[in-house]
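Here are a few warm-up exercises on reading a fold from its strands outward. Grab the viewer and try each task before you peek at the solution.

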Amino acid sequence: MAVDKSAGDASKLPVVFPPWLDRLQIKYMNPVVKPLSKFLPGMSVIKHRGRKSGKPYETVVTTYRKGNVLAIALGHGKADWVKNVLAAGEADVRLFRSELHLTNPRILPAGTADASLPWAVRLQNRKVAVLVTDIA
């Protein structure tokens, strides 16, 4: 019988936000912030597809860019959108008014010191994991 290894990984990533805040953010805050993300510094919309359904999704995230690397702090742990991006191996992101294609997604565990990351996400990486992607 096959064992789902990703199920155990979700508990290993630290979560700084309580589950009720996740639900509040998904249902009420994201629909309000999504249209404004073009104008808010650091706010981006990541476009990804469902792992099983293939349905397109858009999720509001805070991104940090340094050269050809884009980083996203995972304060909510390994959320569904993170699993979708990792499974697909790619995603698109709307950063300000430009569209970028992301490839080679990987997760850096909390406490990983990586000088290639922007300083703001390195500070967050002390307590939470970070999704790092290359910009194609």
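**Exercise 1.** Find the bridge partner of Lys-66 in E3, then work out how E2 and E3 are joined.

*Solution.* Keep in mind that this is a predicted model.
- Start at Lys-66: its bridge partner in E3 is Val-69.
- Next, look at the connection. E2 and E3 make a hairpin, with two residues between them. Gly-67 sits in that turn and has a positive phi of about 65 degrees.
- Now follow the pairing: strand E2 (residues 56–66) runs antiparallel to E3, over four bridges.

**Exercise 2.** Which strand pairs with E3 over six bridges?

*Solution.*
- Go to Leu-74 and look across: Ala-129 in E6 stands opposite.
- E6 covers residues 129–135, and its pairing with E3 is antiparallel, over six bridges.

**Exercise 3.** Are the two faces of E3 covered or not?

*Solution.*
- Use under 20% relative accessible area as the cut-off for buried.
- On one side, Val-69, Ala-71 and Ala-73 are all buried.
- On the other side, so to speak the flip face, Leu-70, Ile-72 and Leu-74 are buried too.
- That gives six of six buried residues for E3 (residues 69–74). For the chain as a whole, buried residues make up 35% of the 136.

**Exercise 4.** Place E3 in the overall fold, and say how compact the chain is.

*Solution.*
- Count elements: the chain has four helices and six strands, in the order α-α-β-β-β-α-β-β-α-β from the N terminus.
- The radius of gyration is 14 Å, close to the 14 Å from the globule rule for 136 residues, so the chain is as compact as a globular protein of that length.

Definitions and conventions: Residues are numbered from 1 along each chain as its sequence is written. This is a predicted model: local features need pLDDT of at least 70, side-chain atom pairs count only at pLDDT 80 or more; totals for chains, interfaces and linings use all residues. Side-chain values use heavy atoms; hydrogens and water are left out. The radius of gyration is taken over C-alpha atoms; the globule rule is 2.2 Å times the number of residues to the power 0.38. Buried means under 20% relative accessible area, exposed over 50%, partly exposed in between (1.4 Å probe, protein chains only). Two strands pair if DSSP finds at least two bridges between them.
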